[in-house]
Amino acid sequence: MKRRLLGAVSLALTAALTITGCGSSGGGGGTNGTATLKLVAADYGTGPENTSQKYWQDIADAFHKQNPKITVKVQTINWNDFDDQVKTMVQNHNYPDITEGDYFPDFAQAKLLYPAKDVMSDSTFKNLIPVFANLGTYNGTQYGMPFTTSSRTMFYNKKLFTQAGIANPPQTWDDVKTDALKIKALGKVGFGLPLGKEEAQAETLLWMLGNGGGYQDNGKWTIDSSQNVETMQFLADLVKSGATEPNPGTKNRTDLWKQFASGDIGMINGQGALIPIIKSGGKLSDADWASVPIPGKTGPLDKTLGVCDNVSAFNGNGHQAQIKAFLDFAYQDTYQVAFDKEYDLLPATNSGVQALSSDPVFAPFLKALPNSVQYPNDPVWSTVKSQIQSSIGTIVSKDPKSVLSALQQTATKGS
Amino acid sequence: MPARKGTAARVTRAAAPLLWLGPAIALVGVVVIWPVVVLFRTSLQHFTPNGFLIGSAGMDNFRALFDEPDLRGILLRTVAWVVVVVAVTMLLSLALAQLFNQRFPGRRVARWALIAPWAASVVMTSLVFRWALDSNSGVVNVFLHDLGLVKFGSNEADWLGRPFSAFVWMMIVAVFVSLPFSTYALLAGLQTIPPELHEAARVDGASPWRSYRSITLPLLRPAFLVAALINVINVFNSFPIIWEMTGGGPGHETSTTTVFMYQLKQAYIGESAAMSVINFLLVIIVVLVFLKATRWKDQVN
């Protein structure tokens with residue numbers, strides 16, 4: 001009798017498990033306009049006190065108050081894992097409704113995204129700054145919607161420069177090397193070189209630009225061009241000379257920025273987002289650091305890298321109208337400016353730029369934005385990018401040319 | 001028709017256990033067998049990086065996998081990873097189990113403490129070690145710095161930056177998290193050995209070492225083999241330690257096949273499945289060789 005009871009219980013349990021296993025799919029769409037939107041955003045914060053979860057939750061709450069039928073569920077993901085996790089969601093066909101962070105041109109190619117015009121009112125769409133329109137465009141239609149932007153400059157520690165007896169910030173690669181070695185003699189890191197997973201594609205491109213190279217030239221992949229090989233050779237030698245931190249292939253941007261903020265690094269490529277880190281570090285006063293155009297092989301770059309993080313709207317759950325309502329709400333100036341003030345990044349809307357153009361912190365970065373160089377607009381870019389992130393650090397231990405050739409092969413092979 | 005009635009009754013009787021076994025069989029089928037089938041199928045298909053099936057790939061995924069220049073190093077590293085971690089774990093566990101089998105004050109507390117690395121999430125343990133090894137402020141480096149052995153921020157202090165030292169440290173963490181299980185398995189084995197045997201040996205004048213070799217070890221063999229085998233499988237499949245501490249990088253220089261499989265998945269789903277098939281076959285081969293080499297049947301039965 002007892003045994004039979006046990007069997008019945010286990011049968012019921014198994015049945016329950018199977019049923020719940022199947023029952024968890026299906027989105028929150030309703031017929032009467034109620035819906036739950038899933039928003040996945042990268043986390044720009046450096047800790048729990050300034051996490052982007054809070055920024056987006058504030059918008060979501062305010063939006064829900066005005067639109068009680070639509071609930072926005074916010075999930076923020078640390079930058080190091082953002083690409084992996086979004087990719088995994090898509091591969092499993094478990095689509096978010098909105099993402100904000102890296103943009104994947106191949107999602108547009110695979111017809112997973114709504115065109116920008118379908119999920120934004122005309123006025124919101126026209127307010128997006130035009131420099132980055134091409135980056136989010138596939139086959140003549142714009143899918144990626146810029147949300148926040150940045151332009152890159154080189155930051156240097158004036159205090160360390162004075163201690164090392166260096167009068168002026170470097171202009172050329174040779175200057176960088178000489179100055180870095182002088183700072184190293186003080187027991188600090190000369191040049192912070194983040195070739196780790198977080199944003200190696202940016203650091204790599206900044207160096208390539210310094211030698212007239214880049215990932216693409218007129219839409220053709222040129223990763224293993226002779227200039228780029230020369231550039232990577234220089235970088236590998238720079239690392240071997242001890243002018244950088246050891247093992248740059250395993251070092252991430254944010255970690256090195258924090259080290260710069262604590263006064264242990266002489267020079268590092270950065271953007272506005274480095275400023276709050278310096279301020280919260282409390283070690284460097286405003287007079288202890290400055291930012292200058294990034295040195296190139298023979299002189300400073302006249303065009304820097306402009307990066308924009310995009311919003312993408314996925315069509316997998318059919319929430320077009322709700323997404324449109326939310327994006328029009330989230331792109332208001334107040335939220336653009338709040339975001340930029342929080343993270344010292346730049347706005348992505350014309351009215352946002354206007355609101356900040358007189359601010360002394362933002363002005364120099366804003367000025368560099370219009371003629372900046374961007375990442376390739378190519379569906380295979382996301383694959384190439386993740387390979388750069390994992391492999392570019394090996395230029396030190398392997399032959400730089402072979403690393404670049406492998407990347408070029410991936411880029412031209414397509415997916 | 002009595003004959004038919006008899007058959008029907010026999011069938012019913014024979015089928016009766018199915019009612020009880022059915023749910024378990026169904027569960028095994030759904031969560032074990034089916035994924036393996038899908039895995040093999042995926043390894044022969046061509047998927048876009050976004051998870052859309054665009055046709056059959058034949059053996060292309062396997063060809064691409066074997067053409068990966070880093071694969072050789074990854075396979076060798078995987079072998080080193082499994083052999084070293086399991087061997088060190090089992091040796092230390094033998095000693096620890098012996099220790100915990102003695103009566104000493106505070107034994108209960110000590111036994112509980114041993115469970116800690118087992119109870120803590122592996123990801124958490126790995127993160128703790130990652131920060132402890134930080135080249136500027138990690139506690140390991142602070143300690144070594146105070147002893148005057150390393151300089152902060154130097155190449156020597158950058159334990160996780162150099163592939164070899166990173167791999168050694170990750171092995172240490174893997175041993176650390178594997179110890180509790182093996183020790184408890186061996187401890188259970190030790191407690192099944194009747195104390196009279198050791199008493200008899202002592203009366204016969206055997207030294208403690210002799211009685212350990214001739215009585216404890218042979219009788220511990222079944223427990224030892226089970227623990228070692230489960231460790232081989234666990235360590236081979238171990239993912240979070242390497243992923244949290246180095247991410248397999250730089251490049252693939254600290255990846256094992258399990259981590260490499262995940263790295264491939266970002267862009268090459270089919271090739272990743274091919275790697276997974278190879279992993280699956282490797283585990284089966286390793287286990288079969290292990291069973292054969294240890295004459296499992298004679299020992300455990």
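Which residue in S13(A) is the bridge partner of Thr99(A)? The partner is Ser312(A). This is a predicted model, in which local features need pLDDT of at least 70, side-chain atom pairs count only at pLDDT 80 or more, and totals for chains, interfaces and linings use all residues. Residues are numbered from 1 along each chain as its sequence is written, while chains are lettered from A and ligands numbered from 1 in the order in which they are written.

**Sheet of chain A**
- Six strands (DSSP runs of E, at least two residues, numbered from the N terminus) form an open sheet with mixed pairing, in the order S2-S1-S3-S13-S6-S14.
- Its edge strands, S2 (70-78) and S14 (346-347), each pair on one side only; pairing requires at least two DSSP bridges between two strands.
- Strands S3 (residues 98-101) and S13 (residues 306-313) run antiparallel and are joined by four bridges.

**Nonpolar core**
- The largest nonpolar core (buried Ala, Val, Leu, Ile, Met, Phe, Trp, Tyr and Cys residues joined through C-beta atoms within 7 Å) has 114 residues, and Leu39(A) and Phe326(A) are among those touching the most other members.
- Domain 1 (35-150 + 307-368) and domain 2 (153-304 + 380-413) of chain A, with bounds from an automatic or database assignment, both contribute residues, so this core lies between them.

**Helix H11 of chain B**
- Eight of the nine residues of H11 (residues 257-265) are buried (20 or more other C-beta atoms within 10 Å of their own, with C-beta atoms placed from the backbone), so the helix is largely enclosed by the rest of the structure.
- The buried residues include Phe260(B) and Leu264(B).

Methods
A residue is buried if 20 or more other C-beta atoms lie within 10 Å of its own, exposed if 12 or fewer, and partly exposed in between; C-beta atoms are placed from the backbone.
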